[in-house]
Structure formats: C-alpha cells, structure tokens
Amino acid sequence: MDVFRYLAPESVEETLQLLDEGAGGVKVLAGGTDLLVQMKERGLRPGLVLDVAGLHELRGIRMEGKYVWIGPLTTHWDLAHSALIREHGLALAQGASKVGSPQIRHRGTIGGNIANASPAADTVPPLVVLEAEVELRSLNGSHWLPVESLMEGPSRTALRPKELITGVRFPHRAPGSRSQYEKFGSRQALSIAVASVAVAAVQEKGRFARVRIALGSVSPTVVRATRVEEILTGEALGEDLIAQATASVAQQCRPIDDVRGSAWYRCQLVEALLARILLCWGEEWMAG
Amino acid sequence: MSLMGASSGRQVETFRSALVGQPARRVDGRAKVTGRAKYVADVGIEGMLYGKMLLSPHPHALIKGINTSQAEELPGVWAVLTARRIPGENQIGVVLPEQPLLAREKVRHVGDCVALVAASSEPTAEKALDLIQVDYEPLPGVYAPQEALQEDSPLVHRKGNLLTHLKIRKGDVEAGFGESEIVLERIYQTQRQEHVYLETIGTLVTPQEDGSMNILASIQCPFYVQKGVARVLGLPLSKVRVIQATTGGAFGGKEDVPSEICAFASLLAHKTNRPVCMILSREEDLRRSSKRHPMTITYKMGATGEGKILCAQIRVLADIGAYASISPVVLYRSTVHATGPYEIPHVRVDTYGVYTNNVPNGAFRGFGTPQVTFAHESMVDELAAKLDMDPIQIRLRNGLKLGSQTATGQVLEESVGYEETVLKGMKACRWELKRAANRRVSPSRRRGIGVSTMFYGVSLGAKGWFLDGSAASVQVHQDGSVSVAIGGTEMGQGAQTVIAQMVAESLGLPLERIKILPTDTGMVPDSGPTVASRTTVFSGNATLDALQQIKKKLKELAAEILAISPEKVTFRDEQVLGGEKKLSFDQLIQACYQRNVNLAADGWFVSPPCSFDEQTGQGNAYYVYGYGTQFAEVEVDLDTGQVQVLRVTAAHDVGKAINPQGVSGQVEGGVVQGVGYALLEDFIIENGKIQTPNLATYTIPTSLDIPQVEVIIVEAVSKDGPFGAKGVGEQPIIPTAAAVANAIYHATGIRVRRLPIGPEILRRAILKKETGNMRGDHR
Ligand SMILES: Cc1cc2nc3c(=O)[nH]c(=O)nc-3n(C[C@H](O)[C@H](O)[C@H](O)COP(=O)(O)OP(=O)(O)OC[C@H]3O[C@@H](n4cnc5c(N)ncnc54)[C@H](O)[C@@H]3O)c2cc1C
C-alpha cells in the first residue's frame, strides 16, 4: 500500500467540501471492508482517504414519514438485528445477516455495500425489491435516486465522485406484503453469493397484486426479473405457477463462468432459490 | 467422547494412570489463548531488514537476463540477490539435487523465485521488486501428468518427466481375476489441497559475530532447515542454529518449503550482515507452499460372490509439480496403503510420480494416503452395492486382523485395532437404524450415511528409516523442576503436552513442574523431521530413555537413604516411596545436588527395523499401523447439489492415548479438514496459472460448515510405543472424504468418483439421473 493522506472530517458539510476540492482522487472510508482490500490488493491508490465513521448523523434506523430511513453508516449487524427492518423489510435483514462473518457485519456498512456496487452485494437485491432509494448529496444539493437506477455495472454506479450517500430509505410495509432473500454460497459463512434472489410481494385475496424480484450474481449488476414478475402478477400461488416462474427466470440472467460456478449452474441456482421462496410462501398461503 | 479400554493386540505392562491416559490441559494453551505467545511476526529486532521474493510470472520460461541495477539504487534497499551471488550451493532439493534455490537458467512454475530483495521497510522492498527487470522467453509447458508422459511432451527437467515408479507385486493378479466372480474397474480422481495453516511461513534470521546464523522460524522440521541453510551458505552445520518459534499450524506444509524461505532470508542476512525478517503474505504462501498431490487412481478389484476380495490391480498417477522435493516418500506411502486395510492375496500396484510445470506438491497430513483411501473405500462400497452386501459386512470380511498379511507381505503380529474401530463406531452411530431410515426428509432433501476405513503406517517406514532416530535431553533442576528438550516440534498438535505428561507420570510429579523447551538444533541432536505422526512415539521414547538414566541414579540414592534396594523405589505424588518408607521428591533432589550427582541425561530412540524390496514391493513397510473407521451422515439438497455433513462418528485406534483430550482434538480437526477435502477445497491451477490465489477463492469449511463429531478412542497398544502409544496426527483426515462420498451415494444413489464433490458437480449428476429416470421422482 502506498502512502496516502487521511482525514476524518467532523461534519457532512466538511466532507462534501473536501470531496469537492479533491476531485477524483478522494475516497470515502466507511467500514473499510471493501476499500482497504482494494487499496492493499488491487492497486487502488487514492490521494486522500476521508474517514466518515465519526459522522453519527449518518448512522441509525428510524421511521420517517412513510419511509424507513437508514443511515448509510449503519452496519450489517445492526440491520440484521433491527426490529424495524425485520418488520418492514425482512429481506433486507436476511441479506445483511448473510454478509461475510460477524466481524465483517460489525464493520461493513449498507452505504459501502451499495457504493461498492458488486453484483453479489447481499443488501442490494433486497433494497431493489423493497423499492429503496438513496440520497446523494454534494455541495450543489441532494436528490433521491432508486437503488435500482444507481447500479450501472460491476463496481460502477451513478454516484459522482463529489457525492456522498447520506441516506437510504424504503416505504413502509403495505398490508399483505412480505419479502424474502435467499443466497447460495459455497459455504455457510464468509462466502460471496454464487447466486441470490430477493422477492417482495403484496398479496390480495390469495393472489399476487404486486411483485418485485431481483437477482444477484447472475449479471453485471443486480437485475430485476421483470418477465417473472409479469407471470406472477394477478395469479394465485400454486405448483404450476411456481414451475412456470422458475422455468423463465434463467432467461433474465447473463451470468459468467468463474471459479465459483459456471453460468449454467448460476441459472440452476436462481431457479432453485426462487422456487424455495415461492414454495415456502405457497405452503403458508395455503395454510391460511 | 467415549473412552474404550485397551483390548486388541498384545497387552503391554499395566501402569498406573496418574497422568498418562487422562485428559490433560495443554501446556502451551494459556499463552496461545491469551495472545501472549510470540509468533515470528511478533518478535522484531531493532534494525532488521525485510526480505521479499520476486516470483516468476510464467510457469515455464528461460531466463535471458536479469537487470537489478535500478532496484539496487532505490533508497532503503540493502541488497538485491540473484542465483549468481550464492556463497554455497544453489540447491535446496530434499531428496534429489534438482531444485535450485534461486532460478538461474529457467523457471519451472509460477512460484519459482528469481531474485531477492532486502530493504528497510516492506513497501520499499516491494517497490524494489517492481524495478527488477527479468527477460523471460516463455516455453511450452506441461500441466497434466497424462500429457507429461507422452513422448513429445515438453521436459520439465532434462532427465525426463517420470520421476519415480513404485511397485507392489504380490501373488498373481491374473489368476486372481480369473477366480473372481465379480470384477470392477473404476477411475477415481483427487484434487490439490492447500494446508491453510493459520500462520503463514515466516522467519527472522540474525547473523552472529562469527558468521554463523541464528534462525527463528515458523516451521515443522528445524533439522531440514539447518541442512538447507548450511548448504546454500556454504557453512558447517555447527554454524547454523535453528530455533522453532511458536508455530501456528503446519499440517505438513512446513516440512520442506520453510527450508527455502529460511535460506532466502539467510542469504540476505549474510549479504547485509543485518537481521532479516521474511514473513510470507497469505497470497505468497498460497503460491509458494506445497500442496497435496492430485492423483488419478485406476482401480480394478476382483472378489467372490460372497464378497471375499481376491485381487486388486491399482495404477496411481500423481502430479509431482515442478520439483521432486519429498514426493518419492509421499508416493511410497500411497503405494503401501493402496489396497487399504484389507487382506488381499493378489496385488499389483504401480505408482507413477510425474513432473509438470505446476506448483510442487509435497507433504500434507496423511502423506499420500487420503487419495488412495478415497479410491479403495469408494471401490469397496461399489463392490458391496453390486453384491447387495452391507458395506460394513464387506469390510469386516476382508479387514486386517492379528496375523493378517498386508499387500507388502508383512504379517501383523501386534496391535491391530481395525475390527474394533468398525464395531464400536457402528454401534455408536446406530448404523443399522440409520441405514434403514427414510432418506427423504423433504421433496428436495435426502439423507444418507456412509462408512470408510483406513490404516496408516506410523513414522517413516523403510523409505525413511535412515532419518528415523530421535533425541531428547532431560534435566532435573535443583528445585525439582524438570526441563526437557526434544527434537520433535510443537505445531499445534499437542506434542509438548504428551511429552510433559510422560515425564510427569514417570517421575510422579505434577504437570506444572515440567517445562518443554522450544525445539532448538543447538540443544538436541538431529531427530529427523516432525512428520508421519511420529513425535509421541519418537520424542516420547527418547525422553523415556533419558529419564531411565536419571531415575537409575535417583533410585540408587533413594535406596541408600531409605536403606532398601533400588528396585523397590517408586515415584508418586511428589514422593519417593520404598516399601513403608518414603521421602519427598524435593529432599531426594537436594541430596543429589549435595553429592554432585548429575541429573541430566540424553535419550535416543531408533525405529524398529523396516524393509521394502524395490522390485516386488514386499517387506515390513512400517513397524506398526494405526487403524480407523468413520461414519458420515449427510443431507443433500437436490436442487442445488449442496451437501451438509451433519455428523461424523470417528473411531480411531491410536494405541495408548496418552492425552485423550489431545486425541479428540486431533480427530475433530482431521475430520473438519477431511470435510473440506471432500466437499470444498480445490487449489486450481490452469495451464500453470493459479486460479485460487487467495482465501476468497480457495475456501475451507467455516465453523458453520462442520459436522458434529463423535470421537471414539480404541487402544490396541503397541509394544514399541511409549506406554503403548502409536500416534494420531494424520489418521483422522484419511477416511473422511470416502465416508462422505459413500453417504452421498446412500442418500441419492449417485456415485461421484472425483473430489471435491462440489455442488455444481453433484447438481449435474442429479439432473442427469433425473432425466435418465424420466423426470425424476424427487418432487
Ligand atoms: C472477508 C469479507 C467478506 C465479505 N463478505 C461479503 C458478503 O458476504 N456479502 C457482501 O455483500 N459483501 C461482503 N463483503 C464486502 C463488504 O464487506 C461489504 O460490501 C460492505 O458492506 C462494505 O461496507 P464498508 O463500510 O466496509 O465499505 P468501505 O470499504 O468503507 O467502502 C466501500 C466503497 O463505498 C464507498 N462508500 C462508503 N460509504 C460511502 C458513502 N456514505 N457515500 C459514498 N461512498 C461511500 C467507499 O468510498 C468505497 O468505494 C465482504 C468483505 C470482506 C473483506
């Protein structure tokens, strides 16, 4: 690792100022679980590292109007254990609980997970199906952008170098809605998703009123499975529907072959994971 | 954990189990768990330099030139070395002189080192590496042993790609197949496995005023390092002193390669006359350290309709990698153990070790046995299935017993606990119940149970007999405390604790009075390597030999003081007893010191004789064997192909268990590493390039992936072991993979003949079977 400048700004304002001055050579440091690996092993050499860990206003989970608001510095550990998150966005709590190991979950943050934009990021498919947005702020002001539109490619986002993520939010759970996240990794912990699936749906009178499905690790970014969403919408869960849905999910993937799994296998996995979620819901719907 | 008493084999003297045979707290445990133990990286000396290696980017290339001038000019750089500047011999091969320490004319794998740098900081050393220009001319390489044996294949070394061919010829296999009512032929394949010890290889070398070198290192075999460094520096052995630092695991991976790393650091220390520290990063360690040999095993077995095995014809093809290192000895073990723990009249084994341009393979817990065990235990299971026999029955019918003859023609005269491990394990895991239970737990989940057995020759056997002596040095101090120097090393396996227990037992002292010193070549004669599950027996016997000499003097003086005959004197609970009379141990020691009685002694132990005929493969290959049986219970997710090992019942015959707690720890650890070998671990090299260069891509089981392990200790004591012990370090990893594969077969009806059984491979097989069965029946 090369020598670099390190500053720990004391306010969001100061951070934005420094980002503005530093142009491209500045990197924000949250938990450091991605950034430090990139600096030590992948030759990333920022001239200035801004440690934002002390900005307490960027931490926390609370109700804000019709949204659940999450500070970008909130750790995966806190997300996984938050009653509010479990109540309104179970899939997100599940995703956060499957990140790395307890050590990583205590350090890694949701903001870092989003900004790093890995197609395997465990909070991103849940955020996409929960219709989450991020607040991007710079000296010029701030705006909310859907997480889904933020992702442009592997490690590429619509986040500009001068912008800071200052909030994440998603709408309250509507009556009859639920969400679930399933991840497949080669082992039970410390594994990068070979494939993952998140589903959020609103059920009305035994039928899917609305449904969103996001797939991880099967395309350059987390992607929606819109075709499958269409198949499910308006229908009642049953064996045939599940078969139809799982049969068409692979068409929405553009996976790669690598040491973790072949493209073919990743498609097999999204089918299996989607089926797992729908079967589990199906049993519960039928039961009551 | 359940403890079973000694029963099979010859009964050795019965002894009072004050300490030996009882679970003992690790003597090195407290320092390790509190973080006070100092590993090499914790040491650091004022003014030391940092050493770094420049490794080849090519698996096979000629070196046309090396330009180091820019690197030398970088401020903070103290030395840049290449093969041209070696004071002694540029050679580090353990068995054969074919491994240059620094590559000079060509590189043969991506871990070959072409230059070394010493600098005042690690980043400076890294920068200097970037400034060294090496002009390579890439050569076509050879990456698979099958290809390497073809006539027009590129040559890794001038003498040809076949390193070794080992044989066993027993009986008449053709006749055996003729008599057989069933003959099966199968091919089994195993992968490269990496040790992933917690602490990477590292050393701190300090040059002394007289030009000698003091080496502190995380190693397994200090005497190998001593010889390696002396050879490279052109120093007499007396001027190279190697002290083992607290070592965070080894598993065989710190047997040969540390000699290279210590030689690198020593060269730099010699050149700069400054202490040099060299600690490999995890990525360097993965790239440079040895791996378990991948093997292709072609197995042909013939049996009667009742499941009596008549013959086995086995061809083992092993990828050695670019250098021989200790491969010939590894493959000797594969050869001797190729038939498994069975008595088979007709045997033919051909083992070929072949050079490739892959990272060299070497020692790894089990040393060539886990591969052949995966083959023989899968094969026997397949045979049982064909014959519609219970897998246990076929094993009991053919398993080794007292008086059996092994494939090398060795008649087993003592200490054969095989059957006992099968029977006790079978009962503990409730085999019959589990075999018959419903395998379907849900539409997409299946359960199964499988068994696998093994045997394992203790210590080095005929091929390493010349290295198989061991020393110890014991001293009783004036206050009645005892220090012991042994030639074997503690690398986490619990060696120090068992030696301390033996001393405590022998002198009737509490464990706290015994101090086992760090292993130091300056304090004990060359005791061979700490490998092959030999330390309990070899360092133990040497220690007992030294104690014998000291106790003789103690008894004589005690007899004089108590006015009884020396034979009547015993030691117990810090007392010296003689019939009705007694005195305290401390009083006796005081008396010895007042009379100038020397209470220090050196002990020595040499392996009982072993033999192996190179032409026929017949002889007493190892002096005694350990035996084991494991039962694995698995759950398979049919949709993803993922396997979870729920439970392993592991019964191991280790001779007398000096420290049952330690034995259990070794068995649990071996099973965990075995589960990784079965399902997850695969060090992938494609066209000579490493595809799994870090621990994100080379994955081992986490605490959430490991099964419940039940350990059953069987004690078929050995007459040559201290208190009847045989050794346990390696045995537990050996049978696990086949037990898992056999359980998967029981759960799904799918036989996978290739390790690791990753989810993708299994999912493919499941799908194939389902389509074969017309849409399958699992939903
Ligand atoms: C051993 C290990 C295992 C892992 N396992 C998983 C896993 O299972 N699943 C998974 O999804 N991830 C995993 N990760 C990746 C990582 O832990 C997560 O992506 C984590 O959420 C990153 O958060 P961080 O706070 O550590 O980010 P940092 O490393 O601090 O930052 C990451 C990136 O985000 C930027 N950034 C951070 N915060 C902000 C902000 N507020 N505004 C703008 N930019 C910002 C940084 O500049 C940097 O580019 C693992 C990492 C390691 C080391």
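Here are some exercises with worked solutions on this predicted model of a complex.

**Exercise 1. Find out which parts of chain B should not be read in detail, and what scores the predictor gives the complex.**

Start with the whole chain: chain B averages a pLDDT of 95, and 97% of its residues score at least 70. Then look for weak stretches. Over residues 1-18 of chain B the pLDDT stays under 50, and the model has 46 contacts beyond four places in sequence for this stretch. Residues 775-779 of chain B also stay under 50, with 14 such contacts. Where pLDDT is low, the predicted coordinates shouldn't be read in detail, so leave the contacts of 1-18 alone, and do likewise for those of 775-779. For the complex, the predictor gives an ipTM of 0.95 and a pTM of 0.96.

**Exercise 2. Work out which residues touch the most other members of the largest nonpolar core, and which helix gives the largest share of that core.**

The core holds 99 residues, and the ones touching the most other members are Y299(B), V634(B), V636(B), L679(B), I744(B) and L762(B). Next, the helix: α19 of chain B (residues 736-748) supplies the largest share, eight residues. Now zoom in on L762(B). Setting aside neighbours within four places in sequence, L762(B) is in contact with V636(B), G641(B), V643(B), I744(B), I750(B), V752(B) and I757(B). Don't stop there, though: a second, separate core has 50 residues, including V484(B), M502(B), I514(B) and L588(B).

**Exercise 3. Describe the interface of chain A and chain B: how many residues, what buried area and which salt bridge?**

Count residues to begin with: 21 come from chain A and 25 from chain B. The buried area is about 1900 Å², and carbon and sulfur atoms give 54% of that. On to the polar side. The rule finds one salt bridge across the interface, and R276(A) forms it with D637(B), their closest N and O atoms being 2.9 Å apart. There are also 10 residue pairs in polar contact across the interface. On chain A, helix α12 (residues 263-287) gives the largest share of the side touching chain B, seven residues.

**Exercise 4. Chain B has its own helix α12 (residues 391-398); explain why it counts as largely enclosed, and find its N-terminal cap.**

Tally the burial: six of the eight residues are buried, so the helix is largely enclosed by the rest of the structure. Those residues are P391(B), I392(B), I394(B), R395(B), L396(B) and N398(B). For the cap, look at D390(B): one of its side-chain oxygens lies 2.6 Å from the backbone nitrogen of I392(B).

**Exercise 5. Take two loop residues, S459(B) and T702(B): is each buried or exposed, and what does each touch?**

S459(B) sits in the loop between β18 (445-457) and β19 (469-476) of chain B. Its relative accessibility is 0%, so S459(B) counts as buried. The side chain of S459(B) makes a polar contact with that of R534(B), at 3.3 Å. Beyond four places in sequence, its contacts include R333(B), D468(B), F538(B) and Y622(B).

T702(B) lies in the loop between β29 (689-690) and β30 (708-715) of chain B. Burial needs under 20%; at 13% relative accessibility, T702(B) therefore counts as buried. With residues up to four places away left out, T702(B) touches R187(A), A189(A) and L190(A). Finally, V672(B) is 30 residues from T702(B) in sequence and 9.1 Å away in space, C-alpha to C-alpha.

Notes. Residues numbered from 1 in each chain as written. Chains lettered and ligands numbered in written order. Predicted model: local features only at pLDDT ≥ 70, side-chain atom pairs only at ≥ 80, totals over all residues. Heavy atoms only, no water. pLDDT = per-residue confidence, 0-100. Contact = heavy atoms within 4.5 Å. Core = buried A, V, L, I, M, F, W, Y, C linked by side-chain atoms within 4.5 Å. Buried < 20%, exposed > 50% of the residue type's maximum accessible area, 1.4 Å probe, protein only. Helix = DSSP H or I, 4+ residues; strand = E, 2+ residues; numbered from the N terminus. Buried area = accessible area lost by both parts, 1.4 Å probe. Salt bridge = Lys/Arg side-chain N within 4 Å of Asp/Glu carboxyl O. Polar contact = N/O pair within 3.5 Å; in protein donor to acceptor, adjacent residues only side chain to side chain.
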